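Here's a quick tour for anyone meeting this structure for the first time. Have a look at the model, then read on.

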Amino acid sequence: MDRQEVRSPLARAIGFGSAKAGVGEWWAERVSAVALVPLTLWFVASIIAHSGSDYLSFITWIRAPLAGTLMILLLMALFHHAAFGLTVVVEDYIHSGAKFAWLITVRLGCFAFATAGVVATLRIALLG
Amino acid sequence: MKLREADGTAFGSNRPKETTMDHKEDRPRNGSPPSGSAPTAQELKGDIDKGRTGDKVASYDPGAAPLGTDDEAAGTPDTPDRVALAIRQELENGRTSGRAASQNRVGDAGSRRPKSPNIQIYRPQLTSVLSILNRITGTILTACGVILVIWLMAAAAGPGAYAVVQQAIISWPGRIVLLAATFAFFLHLCGGIRHLVWDTVHGFELRTIYISGWTVVGVSIALTAAAWVLSFLMKG
């Protein structure tokens, strides 16, 4: 007989054994990491290329369809990746009751900043 | 079968001692051994099994079975004052985590007990330092992401707001933060690529781990320097 059938659902949940959902998170963190390699390198190279340039040239840069698209992709991948990483940091180092407040803050904060960044980029690209 | 016999013997030999402990249930629990008698390791084991040390519920703990007996077998039994010290410390832990013990929470030892992996007694190694740096730089880079969003929002708001943020960035404190952020970025990037290689189950030999570790450090420093030199060259 399958050993898991002998144990009650509660016994399987408490203490040992995973929720069997960890692989999805692990994989998503890797996918976002792979996406961030070219996106961040593009961003750093662009910033270097725009060293000392003024407001207008910066706006013109973001307005180019490719730059705007890459900036939005960067923001989404960055905060997606940050949410995973910071969640692990909070889970590993904060053991007080504040842990849950931090987990919620990390998740919602990353979502909020990604959205704010995307909206700002679209405003520059479409309205600016 | 042989294993079961061995187990049976072990339990059998322990049972009487456990029963002796039951008689001591009524002795005052003020954290010090009963006066006038030399405490033994078995008394401490009894305290552990009664859940008085606070890190376990009251239950027979086979893991505590070798307590004292190994030293006895080796011909160097613990002296009574050593045992008394151990009992005092264990029961002190039990008192500080009394609430945890009363709530039947297992594994929540006293706050004074050092936490594994006892980081304060280990010599830092390249592997451990890079491991924690990957998390620290990741946290720093999230803050940089927030600054990026503020920067974009300022640019979207107009030239005035953009000028304010730009002034802060090119100020000396801003430049130092930016330099640190650049190094944090390259360290996290190279460390992350190292992690992705590990995810393919490659590069786990000790020698390879140290080679890749020092490569991460060297390449990060080189890329940071290159980025800033290029930036100054672009600025003209």
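## Buried or not

One cut-off helps before we start: a residue counts as buried when its relative accessible area is under 20%, as exposed when it is over 50%, and as partly exposed in between. Keep in mind that this is a predicted model.

Now take A:Cys110: its relative accessible area is 6%, so it is buried. B:Cys190 makes the cut as well, at 12% relative accessibility. As for cysteine pairs, a search through the whole structure turns up 0 disulfides over all chains.

## Chain B at a glance

Chain B is a helix story: it has 9 helices and 0 strands. Of its 236 residues, 31% are buried. It exposes about 14,700 Å², with carbon and sulfur atoms supplying 65% of that.

What about contacts along the chain? Looking at those in chain B with a separation of 6 or more, 61% come from residues 24 or more positions apart.

## A tucked-away helix

How many residues of helix α2 in chain B are buried? The count is 9 of the 9, covering residues 41-49, so this helix is largely enclosed by the rest of the structure. Charged names are on the list too, including B:Glu43, B:Lys45, B:Asp47 and B:Asp49, along with others such as B:Leu44 and B:Ile48. After α2(B) comes B:Gly51, which has a positive phi, near 80°.

## A nonpolar patch

On the surface, A:Tyr93 joins B:Ile132, B:Ile136 and B:Ile140 in a nonpolar patch of about 340 Å². Helix α6 of chain B, residues 126-157, gives the most to the patch, with 3 residues.

B:Ile140 sits in that helix, α6 of chain B. Its relative accessible area is 38%, and since that lies between 20% and 50%, B:Ile140 is partly exposed. Here's a handy bit of background: an α-helix has 3.6 residues a turn, so residues three or four places apart point the same way.

## Where the chains meet

Chains A and B have plenty to do with each other: 29 residues of chain B are in contact with 36 residues of chain A. Together the two chains bury about 2,800 Å² between them, 78% of it on carbon and sulfur atoms. On the chain B side, B:Arg135, B:Val149 and B:Leu152 lose the most area to chain A, together 20% of what that side buries.

There are also 2 salt bridges across this interface. B:Asp199 forms a salt bridge with A:Arg30, and their closest N and O atoms are 2.7 Å apart.

Notes. Residues numbered from 1 in each chain as written. Chains lettered and ligands numbered in written order. Predicted model: local features only at pLDDT ≥ 70, side-chain atom pairs only at ≥ 80, totals over all residues. Heavy atoms only, no water. Disulfide = S-S within 2.5 Å. Buried < 20%, exposed > 50% of the residue type's maximum accessible area, 1.4 Å probe, protein only. Patch = residues over 30% accessible without salt bridge, like charges linked within 9 Å, V, L, I, M, F, W, Y side chains within 5 Å. Areas by Shrake-Rupley, 256 points an atom, 1.4 Å probe, with all protein chains shown as cover. Salt bridge = Lys/Arg side-chain N within 4 Å of Asp/Glu carboxyl O. Helix = DSSP H or I, 4+ residues; strand = E, 2+ residues; numbered from the N terminus. Contact = heavy atoms within 4.5 Å. Buried area = accessible area lost by both parts, 1.4 Å probe.
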